[in-house]
Amino acid sequence: MKKTIAYFFIIIVSIIIQKSIFPIFGAYFVLPNLVLMLILALSILENFYTFLYKSVFAGMLYDIFLYQQVGIYAIIFPMVVYFVSFFSRRISVDLKITGIFMFGFFIIFVTLMSDFLFFIISYYGMDGLDFFVKIIKNPLLLVYKIFFNSMFFILYYNIIKRIKNSYFFI
Amino acid sequence: MKKITSTKLFKIFLISIFFIFLISLNPYRFVGFFGNIFLTLAIPFQKIAYSSSIKFSNTKDFISSIGQLKRENENLIKENIDLTADISRLKDTEKENIALREQLNLSLKNQYELANAFVVGHDPNGQENWIEIDKGSSDGIEVNMPVIIAEGVLIGRVQEVYFKTAKIILLTNSKSVINGIDVETEAKGVIKGEYGLGLIFDMVLQSDFLNIGDSIITSGIGGDMPKGLFIGKVKEVHFSEDHLFQQAVVSVPIPSSKIKVVSIIKNYKSY
């Protein structure tokens with residue numbers, strides 16, 4: 001219960017930072033997606049079955065805060081959880097080299113998948129796909145975005161790991 | 001069958017189908033109740049975060065532009081003198097306009113009832129599609145109200161309203177379409193947003209003229225926006241892809257990341 005409350009608090013703080021601080025400093029499209037990286041870190045550190053429904057709730061909460069139709073991130077976040085679970089079962093993320101490679105793969109794939117699904121769903125199909133293709137044609141934008149996402153993923157991974165190992169939250 | 005339904009993939013599939021169904025229904029009232037609670041609770045923290053970030057950003061801009069300050073200052077003094085002269089001339093014209101209207105028994109143009117609000121959030125995807133303000137239905141804000149900055153620079157309109165917050169869809173949003181007119185040449189067209197990147201003045205007849213530097217304002221056609229609100233200046237003119245119309249790229253006067261305070265036109269009377 002304490003862990004859940006801590007995760008909920010971190011999600012809310014991340015959403016506030018995402019909406020009220022980063023857009024002032026970021027360039028077009030080059031903004032890290034804090035909440036997505038938080039969900040990715042939680043997906044790696046938590047069990048699929050315990051975290052699946054929490055990710056749905058987190059997605060619904062994120063959609064409410066973003067004034068968009070509830071369901072967009074409520075679809076994306078569980079897909080992230082499933083994707084991580086699919087690969088984590090087959091390849092160990094605990095080994096150093098393999099783990100770093102897997103984390104990098106997760107960050108890149110999750111960033112692309114999230115943007116793809118977001119544009120398709122929120123722009124109702126072909127317009128969204130068209131826009132996503134235009135973004136892909138500027139690889140530098142994606143590189144910057146993935147770089148910033150990686151930084152925050154590492155931060156969240158360490159925070160979540162400390163929470164899990166902390167005596168207070170056991 | 002039981003084996004398939006208990007798999008992880010099936011669970012994800014069920015969740016996705018459910019939410020796709022929910023998206024197509026778009027149950028605003030169901031969400032509105034929770035939205036009111038969460039957004040109202042988050043507003044004070046967003047205000048603090050946003051105002052601190054703006055101050056930090058302004059300080060950063062100031063430090064990085066110290067070298068250019070003297071030159072910018074000289075340009076601004078010159079522009080100030082020109083604008084003071086323009087204001088005096090226009091005040092005189094305004095008095096004449098009011099007197100003539102009284103004589104002809106016409107009502108005064110565009111009386112606005114304004115509500116001021118602080119900006120507390122932005123589109124988190126970095127596409128400058130919308131902003132969030134700290135006023136909502138409890139302050140008389142309604143959907144489709146125009147939103148301006150300064151004395152009459154249109155930046156967007158209210159798209160969604162909650163109890164203490166509202167979402168403003170910016171003109172640069174690709175879903176934003178309003179009627180515009182070129183002040184100098186009276187060419188009429190439609191202002192469309194371009195995925196947060198800028199504005200296009202589209203569907204201008206080939207027989208009309210568009211010049212670089214012309215001011216584009218709202219035309220008031222359709223009645224959804226007051227006439228005469230400044231939108232931007234023409235930066236570039238070209239033909240549309242099908243060569244049927246002219247198009248112009250319109251520059252926005254201020255990037256949305258610099259906006260701190262907006263005014264919502266709650267009620268306007270146009271003649």
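What share of the contacts in chain A between residues at least 6 apart in sequence join residues at least 24 apart? In this predicted model, the figure comes to 68%.

**View 1. Chain A is built from helices, with zero strands.** Walk along the sequence and you get the pattern α-α-α-α-α-α-α-α, which makes eight helices. The radius of gyration is 16 Å, close to the 15 Å that the globule rule gives for 170 residues, so chain A is as compact as a globular protein of that length. Lined up on its principal axes, the chain's C-alpha atoms fill a box of roughly 50 × 35 × 30 Å.

**View 2. Here's the inside and outside of chain A, with 56% of its 170 residues buried.** As for what chain A shows to the outside, the exposed area is about 7,800 Å². Carbon and sulfur atoms supply 73% of that area.

**View 3. Chain B brings strands into the picture, twelve of them, along with four helices.** Its C-alpha trace spans about 80 × 50 × 40 Å along the principal axes. Of its 271 residues, 41% count as buried. The accessible surface of chain B adds up to about 15,700 Å², and 60% of this belongs to carbon and sulfur atoms. Look at the contacts in chain B with a separation of 6 or more, and residues 24 or more positions apart account for 57% of them.

**View 4. Zoom in on B:Ile43, a residue of helix H3 in chain B.** That helix covers residues 28-64. Is B:Ile43 buried or exposed? Its relative accessibility is 8%, and buried means under 20%, so B:Ile43 counts as buried. Leaving out residues up to four places away in sequence, B:Ile43 touches B:Val120, B:Glu132, B:Ile133, B:Asp134, B:Lys164 and B:Thr165. For a sense of distance, take B:Ile131: B:Ile43 and B:Ile131 sit 88 residues apart in sequence and 13 Å apart in space, C-alpha to C-alpha.

**View 5. The largest cavity is lined by residues of chain A and chain B.** A search of the whole structure turns up three cavities of 30 Å³ or more, and the largest has a volume of about 40 Å³. From chain A, the lining takes in A:Gln18, A:Leu31, A:Pro32, A:Asn33 and A:Lys145. Chain B chips in with B:Pro124 and B:Asn125. Sorted by class, the lining has three nonpolar, three polar and one charged residues.

Key:
Residues numbered from 1 in each chain as written. Chains lettered and ligands numbered in written order. Predicted model: local features only at pLDDT ≥ 70, side-chain atom pairs only at ≥ 80, totals over all residues. Heavy atoms only, no water. 1 Å grid on protein atoms, 1.4 Å probe; cavity = no way out; pocket = protein on both sides within 12 Å on 5 of 7 lines; lining within 4 Å. Points joined across faces, edges and corners; volume = space filled by probe spheres on them. Nonpolar A, V, L, I, M, F, W, Y, C, P; charged D, E, K, R; others polar. Helix = DSSP H or I, 4+ residues; strand = E, 2+ residues; numbered from the N terminus. Rg over C-alpha atoms; globule rule 2.2 N^0.38 Å. Buried < 20%, exposed > 50% of the residue type's maximum accessible area, 1.4 Å probe, protein only. Contact = heavy atoms within 4.5 Å. Areas by Shrake-Rupley, 256 points an atom, 1.4 Å probe, with all protein chains shown as cover.
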